[in-house]
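Good morning, everyone, and thank you for making the time. I would like to walk you slowly through one structure today, so please have the picture open while I talk.

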Amino acid sequence: MKLKPLYLFIFAVLFPLNAYAVDVERVISPSGIEAWLVQDHSNPVVSVRFAFQGGSELDPEDKKGLANLAASTMDEGAGDIDSQAFQQILADQSITLRFEAGYDRFSGQVKTLTENADQAFDLLRLALTKPRFDAEPVARLKSQIISGIRASSEKPGKIAFNALYENLFPGHGYASDSDGSVESVEAITQADLKAFAETRLARGNLIVGVTGDVTPKQLGALLDKAFGSLPAKPNFTHQPETSAKAIGRLQVIDRKIPQSTIVFGHGGLKRDHPDYYAALVMNHIVGGGSFTSRLYEEVREKRGLAYSVGSSLYPMNLAGMIVGSAATENARVSETIDVIRAEWARMAAGEVSQQELDDAKTYVTGSFPLRFTSTDAIAQILVAMQVNDLGLDYLDKRNAYISSVTLEDVKRVAAEHLHPDLLDIIVVGRPAGIVPSH
Amino acid sequence: MSKALAIVISLFLVLIAAGNRAQAGVFNPHTFTLDNGMEVVVLPNHRAPVVLHMVWYKAGSTDEPKGKSGIAHLLEHLMFKGTPKFPNGEFSKRVAQHGGQENAFTSLDYTGYYQTVASDRLEMVMELEADRMTNLVLNAEDVATERAVVLEERNQRIENKPAARLNEKALQKLYPQGHPYGRPVIGWRDELAALTREDALSFYKTNYAPDNAILVVAGDVKVDDVKRLAERYYGPIAKAGVNKRPSIISLGDIQGGETVLRDPRVKQISWSENIIQPSLTNGDPTRVVALEILAELLGGGGTSRLYRALVIEQPLADSVGTYYDSSQRGDGRFVFYASPRPGVPLAQLTQAVRDEVQKLLDQGLKPDELEKIKKRMQADAIFSRDAMKTGAWTIGGVLAREHKIDDIEKWPERVMAVTEADVVNALKAVMAEPRRIVTKLLPADKVGDSQ
């Protein structure tokens, strides 16, 4: 309970792995579907993660929340099996089958005992290719989602990040979160959901990672079973690339609460930028890790201003960002913001030592294998490696990418990509002595 | 060992396991006790070259002196400050320099510290953790700063969240008369603000000792290596003769009641009913497992009786469910909870919950209903072996709350032994229990509340 590090949405920072522990195999099914596999026969469990490129960024303006509602209802009946029967089979066979919508991808998970793998992949096929979207489950999930949206409208962190994204990406799919609004969710029809499934889910934009008690041959057959009847190509066009429009705003959103939530951010590097690894190390020094960053030291350890504080790279498909957050009592918001800005400026000015760099590199490389401790965690990493086009040998190369970062690299990247004067800041609460700008 | 021989042996082990399926445990831990009384649990798991090292102290917020609520948790924060050998936050710096991740946690019944590191760094973290078991140094300034951090943590976790404030009020009523479960782990604000360096050191000296601690090591390790290292680093620490903890089984005589919190920030109404039930401390194992099965079939997820009736069929609720916590050192709790769909009066929803309960009491279980849940729970035991950390957290938590490893390892066979009558009788006892609290989280404007 000491500190929950910031989970800035999902793919904030990916620590890939130290490969000697695991062998990644590329499996191509008889019909040509690719999956990356790490075999592990120590426990009779198979974990699957998959993703279709294209997420909530593609939701139509008046139907925001479409991908999210599809994710919530695709496991509520398919083929001849209605919602209750479908859920009952999953429960009786202890099969986890779920979907989720992110900005950039529509993703899913299957986790099953080996003995039920055939049935699990069969149910996945039905859900992907013959979802029913019956009136009852759609109405039920809409009601739950809308209740969630109403509740979120009073959650300081959610309010703050939504406002930040709205400011950074005006007019773009990234401006609003995957949930949509009460009105836009209500407007979604069964026909919209069917069209979603038909146009967005295809073999051509599919990525699969599998870990557990399955051989490549068995997996080949399972892949064909689940994904073989999907269309070859999806039918959509991505939104254009964009960039975060940070201009140094300081915006206060009034809520009668004792503690203010502060979020901040501006543009950053995308995952394929050649300086990405240097930026990763640089951010680790400023605001990453758990108990060692400069923000942690200055905001929490020295001044006791906040319980949680930190920053993360947030590379999305169409834009990169660096974002962070802190929470402090209303009276001390102004001081906290000053400290954050000062740390941004100090790093941007190139004030960083060889020792700090060395410590950051040993952490970022040494913590690399710690993520490989469950089948599902490994399956997620296999998907991320493919999403980011990192290559099958990435696990062997990754630490060398980190180790090769020099002090000059960190200074250069900090000067180019950290802009204290451009940081957009949102405060939710009743902060004292804050004068909003812009 | 030759590969062929290894295969023969492992086949033999598989056959033994298959032949004794009912006896097969969940995590199959290796356990031993050091001469100074420190319990040790080892859970080998060789998926990744990684080890999880944890030390659990049998001391949580329930062990705090009167008027010092929050001291167990504040001390947990202060444990990162330093010792003569590793001063000025050196602990976290070293762990990070070795690529390790770490954290700590405080609960009602225990406090724990853990690091995840490459398996060849086990010795490094063991040396650090053993050192701070008895050598902590604190200065007043560090304590004052950290107290401010914890007050912010309290803001973040409690004051800013209407549901958390309601929960705090309700627990005070459910566990009255100064019962330690009636006060929050993080502490009451005024008591927390007054805690001192001396309070922290006093709690530390009373509770932090090898004979009040459990070492749990999971991951890519050999049992003999852990034993050798534990004897080297934890072995020399003198036992403190820590007193046996007093029983905290509730003797309160409350006869029900209601706790309501209204707040303009509440956008979704929620209701719960919290009912005292036995825990593993004072419950017959069959009754405890029957309560777990009851919670699953009444309100465990999207195929449960309550969800089907109230969310899908009628439909009155956005969410509804039940859960049962058997793991506390004090009483267990059986909980019903629900959120109405917009416009549905709360009274109608709670009546529908009672109707479903009555239906189960009147008609008993459906054919196969119990068998399906038992099968699912057996699968849960297999899934629980998937992640390296699950066994460590589960067994550490059980031992720190004075329960037995058998309460985990024999769980699958206890599940199989439960009968329909056990489940129905468990429900009867839940409904008859007078120690219960209803909570309601409502918007300030009374919309949707017919009470």
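Let me begin with chain B, where the domain assignment gives two parts, domain 1 covering residues 27-233 and domain 2 covering residues 258-442. Please keep in mind throughout that what you are looking at is a predicted model.

How far apart are the centres of domain 1 and domain 2 of chain B? Taken over C-alpha atoms, the separation is 29 Å. As for how the two parts meet, 40 residues of domain 1 of chain B are in contact with 41 residues of domain 2 of chain B, and between them these domains bury about 3300 Å², with 67% of that area on carbon and sulfur atoms. On the side of domain 1 of chain B, 23% of the area buried against domain 2 comes from Phe27(B), Leu166(B) and Leu174(B), which is more than any other three residues supply.

Now let us turn to chain A and its sheet. This is an open sheet of six strands, and if you read across it in chain A you meet them in the order β1-β2-β6-β3-β5-β4, with mixed pairing. The edges are formed by β1 (25-28) and β4 (96-101) of chain A, each of which pairs on one side only, and neighbouring strands of the sheet are turned against each other by 20° on average, if direction is ignored. For those new to this, strands of a sheet pair through backbone hydrogen bonds, and they may do so in a parallel or an antiparallel way.

One pair deserves a careful look: in chain A, strand β3 (residues 45-53) and strand β5 (residues 105-113) run antiparallel and are joined by nine bridges. Within this pair you can find Phe50(A) standing opposite Gly108(A) of β5(A). Helix α13 (residues 375-387) of chain A packs on the sheet, where it touches β2 (34-39), β3, β5 and β6 (206-212) of chain A, and its direction makes about 150° with that of β6(A). Chain B takes part here as well, since its own helix α13 (residues 369-383) lies across β3 and β5 of chain A, running at about 105° to β5(A).

Finally, still in chain A, helix α1 (residues 66-73) and helix α7 (residues 190-200) pack at an angle of about 90°, with their axes 10 Å apart, which means that α1(A) is roughly perpendicular to α7(A). Among the residues that meet there are Leu66(A) and Leu69(A) from α1(A), and Leu193(A) and Phe196(A) from α7(A). By class, this contact of α1(A) with α7(A) has six nonpolar, one polar and two charged residues.

Note on methods:
Residues numbered from 1 in each chain as written. Chains lettered and ligands numbered in written order. Predicted model: local features only at pLDDT ≥ 70, side-chain atom pairs only at ≥ 80, totals over all residues. Heavy atoms only, no water. Pairing = 2+ DSSP bridges. Helix = DSSP H or I, 4+ residues; strand = E, 2+ residues; numbered from the N terminus. Axes fitted to C-alpha atoms, helices over the stretch in contact; angles between N-to-C directions. Contact = heavy atoms within 4.5 Å. Parallel < 35°, antiparallel > 145°, perpendicular 65-115°, else oblique. Nonpolar A, V, L, I, M, F, W, Y, C, P; charged D, E, K, R; others polar. Domains from an automatic or database assignment. Buried area = accessible area lost by both parts, 1.4 Å probe.
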